[in-house]
Amino acid sequence: MKSTLKEVGDGVQDINGEHRATEKQLVTPGTSSVASGYSLLRDPRQYKGLAFTEKERDAHHLRGLLPPAVASQQLQEKRLMQNIRQYQLPLQKFIAMIELQERNERLFYKLLIDNVTELLPIVYTPTVGEACQKYGSIFRRPQGLYISLKEKGKIVEVLKNWPQKSIQVIVVTDGERILGLGDLGCQGMGISVGKLSLYAALGGVRPSACLPIAIDVGTNNEKLLNDEFYIGLKQRRATGKEYYDLLHEFMMAVKQNYGEKVLIQFEDFANHNAFELLAKYRTSHLVFNDDIQGTASVVLAGVVSALKLIGGALADHTFLFLGAGEAGTGIAELIAYEVSKQTNVPIEETRKKIWLVDSKGLIVRSRKDSLPHFKKPWAHEHQPVKDLLSAVKAIKPTVLIGSSGVGRTFTKEVVEAMSSINQKPLIMALSNPTSQSECTAEEVYTWSKGCAIFASGSPFDPFKYKGKTFVPGQANNAYIFPGFGLGILISGAVRVHDDMLLAAAEALAAQVSKENYDKGMIYPPFTNIRKISAHIAANVAAKAYELGLATRRPRPADLVKYAESSMYSPVY
């Protein structure tokens, strides 16, 4: 029989599941090697409810501690989905899922994988945004590490308090820019927890190898500062040297504690800090900013895929962005980089077909001196333009991308202008959650008279217009980061290179079928997400080997199969 164990760090892991110990070992109560008896029923990683077999109940001293019925995991799934569907409010469903995760981890992931289309909007955007806003009120028990200014000078010790030692992926936020909802302080922990749930469910990274972290340097959110239930530091945000010293101590402590090959994902940092941290640590640590790089990769995949519907090569198109923050400039830069690679034209030239509008209007050369550094490359020669509609009419883009975080900014006039310029305009409203989306699917299809290709950041239902059903795409980062992370882990990559982001985008675009295109879709359905993640992981790993950044030797002959075989399975 082929072994399912493989080396990871200092030990081995079961590649098909977290632990098999509960099935095979006879344990006397009171021993500490494997939980048994009543303590086993309180261990979410090993607990499986009524699915414990008769033999297991005898072996682990569970007789009398469970009702006599034995139920399969499938039956447990059916019962839980019935219960979850009875809740009216998405937040109630979110709480039910978190409670399940804290009670029975494998069943939580099995449920999420098997019902991904229905449950992804619950455990991730848009519901996770509301959960973060109300995190203090719904707080049950900690699910990650909180590192605040109180822990300055002691972060190595704090990391050692986390029970799992073989950490492979960390998602860390300082909570300053949660989705499009602003500063939520340490309640941003909900985002770190949610993202890592997807690393496990969609990318197959072991849950025990995932560590969610919230760095609490205070909050400038008055509502939270005056909220008696707020769970973070009640002080204004630390900035400057105090802030960067704490972050530097954290980055050094992570490397000291977990080694060179732990992937650190920066999540929902404000623009000024996000760019600074990525630039500072990308050459010394294995770091990835999902808001800048993950968003860019998933949007590039959508644009490349859409070329089959709108025609032309990537270099033929003109792009206009509403929003010039982390997401907007990150997407723009990756598109310019891909066009540069395809055409052998310097990136300084390929940027000239990409225009950005911020809160002050079109970014043009006459504004350059007043712009932050990350906007300067996009300050092209043009007369000043004050608003988006005027910019659409002046620039005549073929692709309109929204990353502004401001809802309802793609107005009827804007969509009609795009439709008058293009036979098939590509319109992407990326801001999350749904309330912040630049427009809805219904609005775009109606105002464009059914000719627009549309994708959004948060999900929208299919829409029927004049007898034809349109299925809007969802440019969801969850397509990219789980498979991207898995690719880094299976190759043992030590750094993230932009070419790996291109590799992820290419793999995602390649998964869109003719049947998807016929429905106007530019992304594949989420139901195949684990297969998609395996292909992304294989492409990312292949690029890491090609660039000399991979350390796992020898290179597996079939990277797709290797990615699939490395995925965590939550089956009992």
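This is a chat about selected residues and side-chain pairs in a predicted model.

Q: Let's start with Thr329. Where is its place in the chain?
A: Thr329 sits in helix 16, which covers residues 326–343.

Q: Is Thr329 buried or exposed?
A: Thr329 counts as buried, because its relative accessibility is 4% and the cut-off for buried is under 20%.

Q: And what is Thr329 in contact with, leaving aside its neighbours within four places in sequence?
A: Its contacts are Phe275, Ala324, Leu356, Phe374 and Trp378.

Q: I'd like to hear about the aromatics. How many aromatic pairs does the count come to?
A: The count comes to 16 aromatic pairs. One of them is Phe275 with Phe374: the ring centres are 4.4 Å apart and the planes are at 15°, so this pair is stacked.

Q: Which parts of the chain does that pair tie together?
A: Phe275 is in helix 14 (residues 271–281), while Phe374 is in the loop between strand 10 (361–362) and helix 18 (388–395), so the pair ties together parts 99 residues apart in sequence. Phe275 is buried at 13% relative accessibility, and Phe374 is buried at 13% too.

Q: What about Tyr479 and Tyr523, what do they form?
A: They form a stacked aromatic pair, 5.4 Å centre to centre with 15° between the planes. Tyr479 comes from the loop between strand 16 (473–474) and helix 21 (481–491), and Tyr523 from the loop between helix 23 (514–518) and helix 24 (529–546), so parts 44 residues apart in sequence are tied together.

Q: Are those two tyrosines, Tyr479 and Tyr523, buried or exposed?
A: Tyr479 is buried, and Tyr523 is buried as well.

Q: Which residues form an aromatic cluster?
A: Tyr445, Phe454, Phe460, Phe463 and Phe470 form one cluster.

Q: Back to Trp378 for a moment. Which charged end sits over its ring?
A: That of Arg351, which sits 5.8 Å from the centre of the Trp378 ring.

Q: What forms a salt bridge with Arg351?
A: Glu333 does, with the closest N and O atoms 2.8 Å apart. Glu333 is in helix 16 and Arg351 is in the loop between helix 17 (347–350) and strand 9 (354–358), so to speak of distant parts, the two are 18 residues apart. Arg351 is buried, with a relative accessible area of 15%, whereas Glu333 is partly exposed at 27%.

Q: How many salt bridges does the count come to?
A: The count comes to 32 salt bridges. Among them is Glu99 with Arg140, whose closest N and O atoms are 3.2 Å apart. That pair links distant parts of the chain, with Glu99 in helix 5 (residues 90–103) and Arg140 in the loop between helix 9 (135–138) and strand 3 (145–148), 41 residues apart.

Q: And how far apart are Asp114 and Lys110?
A: Four residues, about one turn of the helix, since both lie in helix 6 (residues 105–114). Their salt bridge has its closest N and O atoms 2.6 Å apart. Asp114 is partly exposed at 41%, but Lys110 is buried at 12%.

Q: Now cysteines. How many disulfides does the structure hold?
A: Zero.

Q: Why is there no bond for the sulfur of Cys132?
A: The closest cysteine sulfur, in Cys186, is 10 Å away, which is too far for a bond. Cys132 is also buried, at 0% relative accessibility.

Q: And Cys439, how far away is the nearest cysteine sulfur?
A: The sulfur of Cys451 is 13 Å away, and Cys439 is in no disulfide. Cys439 is buried too, with a relative accessible area of 0%.

Q: Last topic, the backbone. Which peptide bond is cis?
A: The bond from Asn432 to Pro433 is cis, with omega near -10°. Pro433 is in the loop between strand 12 (426–429) and helix 20 (441–447). Arg553 and Pro554 are also joined by a cis peptide bond, with omega about -5°.

Q: What is phi of Lys449?
A: It is near 55°, a positive value in a residue other than glycine. Lys449 is in the loop between helix 20 and strand 13 (453–456), and at 61% relative accessibility Lys449 counts as exposed.

Notes. Residues numbered from 1 in each chain as written. Predicted model: local features only at pLDDT ≥ 70, side-chain atom pairs only at ≥ 80, totals over all residues. Heavy atoms only, no water. Buried < 20%, exposed > 50% of the residue type's maximum accessible area, 1.4 Å probe, protein only. Contact = heavy atoms within 4.5 Å. Phe/Tyr/Trp six-rings, centres within 6.5 Å; stacked < 30°, edge-to-face > 60°. Lys NZ or Arg CZ within 6 Å of the ring centre and 35° of its normal. Disulfide = S-S within 2.5 Å. Salt bridge = Lys/Arg side-chain N within 4 Å of Asp/Glu carboxyl O.
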